[in-house]
Amino acid sequence: MSSLVDILGSVELVRGGDAPEDLQSPATISASDALTNKTNVLIYFSAHWCPPCQRFTPMLAALYKTMKAAGRDFEVVYVSLDRSQNQWNDYTSHMPWLCVPWEGTQDVRMKLATKFGAEGIPHLVVLESDGTTVITEEGVQEVATDEDGEKFPWRPPTFDEIFPDYILSKEKDADGAIQTISKDELKNKHLMLYYSAHWCPPCKKFTPVLSKAYTQLKAERPDDFELIFVSSDRDQTSFDEYWNEMTFCALPFDDRAAKNGLAKRFKVQGIPRLIILGPEPAGGGDRPLINDNLRPVIESGDFSDFPFVKKPYCDLDASGGEDINDKKCLVIFHENGDDDEQEEVVDVVKAVAEERNDGDDVSYYWCTNPKGMGERVRAAMKMTEVGDDPLVVLLDVPDQGGFYVSEESDFSKESVLKFLVAPGERKQM
C-alpha cells in the first residue's frame, strides 16, 4: 500500500507564508525528510475559492501554532484544489504548514484526493506515523470541537467501545422472552454486520437470501461466527416486524448510539450492506475488517471460502462497480465468448491480480454479461459494439474519466501484464 511519502515521491514541499519564525527555515524540504517518523501527519484538502475552507483554515492555523509551540511532533500538508497558481499563492500566504506546490503536481494532488476520500472540502485526514493508516477522515469536525487539540489525534472509539453489552438472539425462554447473547460470548467469533431496514426495497429482496445463507452456514459451522442485524428502521414496530422475517441475531433497536457508531465506524452510507469482522485479536486490539462487501458472496451461494477475505478481483456485475470511481480498474470484457473462453478470461484476471499484488491501488474485473455493469461501462467509453475477442481496458475514472485500451494482438496473462506496464494512449470518456 502506497504511503503519503511514496505518492509525493520527489516533490519538494513548500513552507506556507504564515509560519512561526522557528519553522520558516528551510523554505522547501523533501517529503521524505519532512514527514518520515512524524508521530502524525495531517493532510489538508482545501481551496481558496471555497467559503467553508476560508472559514476553517484560520481555525486550523491557530491549532497548528498552538500545538507546535507545545512541542507536538506532527505536521500538516496542504493539498490544493485551487484553480490557479495565483489562488494558491494567495491562499498559502496565510498558512503556517507545509504545502504541495501548485506547478507540476496535478497528478499527485489528484491521486492524494482520490486515495484519501476528498470528495468535498474542507477535508482533513489524520494519519499514523506510517503515512498510510488513517486515524480519522473527520479532522474538520474534530478541530471545530477541540480547538486546543487536547484530544488529538482524535482516534475514533474502538469497536468494543461502540458495541453494546449484549445482542438479541432468536432463542426464547419458557415464557416467550427473547434471550440475549453477551458481548463476551462473541469475542472469539467472526461477526457479520447486516445494515438494513424494513422500508428499503433492495434490503427486502436480499434479506430472505441472507437468512437462508445464515441457516446453511450455521449448520456447517455453528460455533465460529454470528450474524447481527443493525437496523435503520424508523420505529420499534417496523424493526420487530422486519426482524421476525430473519433467522439471525439483532442489535437492540433502542440502542441508537451503537447503531450510529457502527455505521460511522464502517462508513456505511447506503443499505443493504453486509460486512464481516474477524475475532478479537488474542493480544488485544480492534477486530480486523475482513470484507466490507459480502453481498456478492452471499448471492453467489458459494460459502466454501469462509471468512471470505476480500480479493482484488471479481465479476464486474457482482462487484456493483464499487471501486470504479475511486481507483484504476482493469476490466476484461468477453461477452461473446463460449464457456471455455470466458473461463480463460476469469483465470487470466485472477493470475494478473495475484502476480501484481497491488489490489489497494488497482481492482481487477472480468465481464461476461452483455447487460448490467458492463453495458454501462461500454456506453461510457463509447465502445458498445461487442466483438468476438476479449477487450482489455484499464479504467482511470479518477483521472477525469480517462481510460486505456490494449492493442495487444494475443490474449494471455503476459500480454495483459505488458499492457498494464505501458497502457499507451489515454482516451476520454
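This is a short chat about a predicted model, covering one buried aspartate, one helix, salt bridges and cysteines.

Q: Where does Asp233 sit?
A: Asp233 is in a loop. The loop runs between strand E11 (225–231) and helix H9 (236–243).

Q: Is Asp233 buried or exposed?
A: Buried, and without a salt bridge. The nearest side chain of opposite charge is Arg256, 7.2 Å away. The cut-off for a salt bridge is 4 Å, N to O.

Q: Which backbone atom does the side chain of Asp233 reach, then?
A: The backbone nitrogen of His198, at 2.5 Å.

Q: And which side chain makes a polar contact with Asp233?
A: That of Ser231. The two side chains are joined by a polar contact of 2.7 Å.

Q: What else is in contact with Asp233, leaving aside neighbours within four places in sequence?
A: One stretch is Ser196, Ala197, His198 and Trp199. Ser238, Phe239 and Tyr242 are also in contact with Asp233. Phe253 and Arg256 complete the list.

Q: New topic: helix H4. Which of its residues are buried?
A: H4 spans residues 85–92, and its buried residues are Gln87, Trp88, Tyr91 and Thr92.

Q: Why are they on the same side of H4?
A: The four cover an arc of only 115 degrees around the axis, which puts them on the same side of H4. An α-helix has 3.6 residues a turn, so residues three or four places apart point the same way.

Q: What covers the buried residues of H4?
A: The cover includes strands E1 (12–15), E3 (40–46), E4 (74–80) and E5 (98–99). Helix H3 (51–69) is also part of that cover.

Q: Switching to charges. How many salt bridges in the whole structure?
A: A search finds 21.

Q: Which residue does Glu75 meet in a salt bridge?
A: Arg15. The N to O distance is 3.8 Å. The pair links distant parts of the chain. Glu75 is in strand E4, Arg15 is in strand E1, and they are 60 residues apart.

Q: Are those two buried or exposed?
A: Glu75 counts as buried, at 3% relative accessibility. Arg15 counts as buried as well, at 15%.

Q: Which residues are in the network of salt bridges with Arg15?
A: Lys68 and Glu75 are linked with Arg15 in that network.

Q: What about Lys65, which residue does it meet in a salt bridge?
A: Asp18, at 2.7 Å, N to O. Lys65 lies in helix H3, and Asp18 is in the loop between E1 and strand E2 (28–30), so the pair ties together parts that are 47 residues apart in sequence.

Q: How do Lys65 and Asp18 count for accessibility?
A: Lys65 is partly exposed at 31% relative accessibility. Asp18 is partly exposed too, with a relative accessible area of 30%.

Q: One more pair. Which residue forms a salt bridge with Lys218?
A: Glu226, with the closest N and O atoms 3.4 Å apart. Lys218 counts as buried at 17% relative accessibility. Glu226 counts as buried at 4%.

Q: Last topic: how many disulfides?
A: Zero in the whole structure.

Q: Why no bond for Cys314?
A: Its sulfur is too far from any partner, because the closest cysteine sulfur, in Cys329, is 11 Å away. Cys314 itself is partly exposed, with a relative accessible area of 21%.

Q: And Cys53, buried or exposed?
A: Cys53 counts as buried, at 0% relative accessibility.

Definitions and conventions: Residues numbered from 1 in each chain as written. Predicted model: local features only at pLDDT ≥ 70, side-chain atom pairs only at ≥ 80, totals over all residues. Heavy atoms only, no water. Helix = DSSP H or I, 4+ residues; strand = E, 2+ residues; numbered from the N terminus. Buried < 20%, exposed > 50% of the residue type's maximum accessible area, 1.4 Å probe, protein only. Lys, Arg positive; Asp, Glu negative; His and termini not counted. Polar contact = N/O pair within 3.5 Å; in protein donor to acceptor, adjacent residues only side chain to side chain. Contact = heavy atoms within 4.5 Å. Arc of directions from axis to C-beta. Disulfide = S-S within 2.5 Å.
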